[in-house]
Amino acid sequence: MQRSNARLLTPATVTTLVTALTLMMSSPAHAAVEWNGDADAGGTAVFASLVCDDPSYVHQPDWNDGRGKIFAFTKMPGSERCEGLGLAGHTLTDGRTYWFGWESMTKTGNAQTVFQWKSWGTGAEQDQNYPVLMKVEDSQLKIWYVAPGEEWVAAGSVPWTPGTWNRIELGINSQSSTSGSLTLYVNGRLVADKHGIRTWDLKGNVPRWGTYGTTISDVESVNWVDGLTMGGSRADVAP
């Protein structure tokens, strides 16, 4: 009679296998960055385009502080904006959640608009223009939901110190109905969590980062941005 080479599992072995399987099933999924917008990842080519009025510009200094290259959106006197628009190689859609993570530091406490969830189109091609908007104003970071008809609804604010880096994580559930939402964390603190809003306009939306404002056109404004990423959850864009 031929002897089998198979080994019987002992109780101890079974316990070990069950424990390992349980740990595998309970461990969180690995974070998945869908877009790496860090300056070291490809310079300004990580954006779909730049919107910088002459003589404003974007450069990428390296301050030898461990961050590597960063973006310096520099709005010069005589112009209104300097922004990076969209995600190169990515077309955003409604019906899903996007999380954006980055670090920001501004030169002054009045850099005005530093983030826009900007609508495509002009005039009748859009209902909202910018459903989600963030400003550095009066040494506060303020976030608004802007409803159709330019109805500005304050969603939250937090103190903002010029010359200091701040960690930002922004989640937008993009919906063309009023089932969307926005969630904002600043330095790990929940600042805004607004639901039941319309976050996707007629022709869609894209993010913009930089510094923009008609009220500061006569002064220099700088928004330094580092470590831009996009994913489907907050964990995806965590540092």
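This is a short tour of aromatic rings, cores and contacts in a predicted model.

**Stop 1: Trp 209.** Select Trp 209 in strand β14 (residues 205–212). Trp 209 is buried, with a relative accessible area of 0%. Beyond its sequence neighbours up to four places away, Trp 209 touches residues including Phe 47, Cys 82, Glu 83 and Leu 228.

**Stop 2: its ring partner.** Add Trp 35, from strand β1 (residues 33–36). The rings of Trp 35 and Trp 209 are stacked, 5.8 Å centre to centre, with 15 degrees between the planes. The two residues are 174 apart in sequence, so the pair ties together distant parts. Trp 35 is buried too, at 3% relative accessibility.

**Stop 3: Phe 47 and Phe 71.** This pair is tilted: 5.1 Å between centres, 50 degrees between planes. Phe 47 is in the loop between β1 and β2, while Phe 71 belongs to strand β4 (residues 71–75). Phe 47 is buried at 4%, and Phe 71 at 1%.

**Stop 4: the cluster.** Now select the wider ring cluster, which includes Trp 35, Phe 47, Phe 71, Tyr 98, Trp 200 and Trp 209.

**Stop 5: the cores.** The largest nonpolar core has 40 residues; Trp 102, Met 134 and Leu 184 are among those touching the most other members. Strand β9 (residues 140–147) gives the most to this core, with four residues. Apart from it lies another core, of six residues, including Ile 70 and Trp 165.

**Stop 6: Thr 229.** Find Thr 229 in strand β15 (residues 221–231). Thr 229 is buried at 14%. Its contacts include Trp 35, Trp 99 and Val 237.

**Last stop: charges over rings.** Arg 81 has its charged end over the ring of Tyr 212, 3.7 Å from the centre. Arg 234 lies over the face of Tyr 185, at 3.5 Å.

Conventions: Residues are numbered from 1 along each chain as its sequence is written. This is a predicted model: local features need pLDDT of at least 70, side-chain atom pairs count only at pLDDT 80 or more; totals for chains, interfaces and linings use all residues. Side-chain values use heavy atoms; hydrogens and water are left out. Buried means under 20% relative accessible area, exposed over 50%, partly exposed in between (1.4 Å probe, protein chains only). Contact means heavy atoms within 4.5 Å. A nonpolar core is a set of buried Ala, Val, Leu, Ile, Met, Phe, Trp, Tyr and Cys residues joined through side-chain atoms within 4.5 Å. Rings of Phe, Tyr and Trp (its six-membered ring) pair if their centres lie within 6.5 Å; planes under 30 degrees apart count as stacked, over 60 as edge-to-face and the rest as tilted. A charge sits over a ring if NZ of Lys or CZ of Arg is within 6 Å of the ring centre and within 35 degrees of the ring normal.
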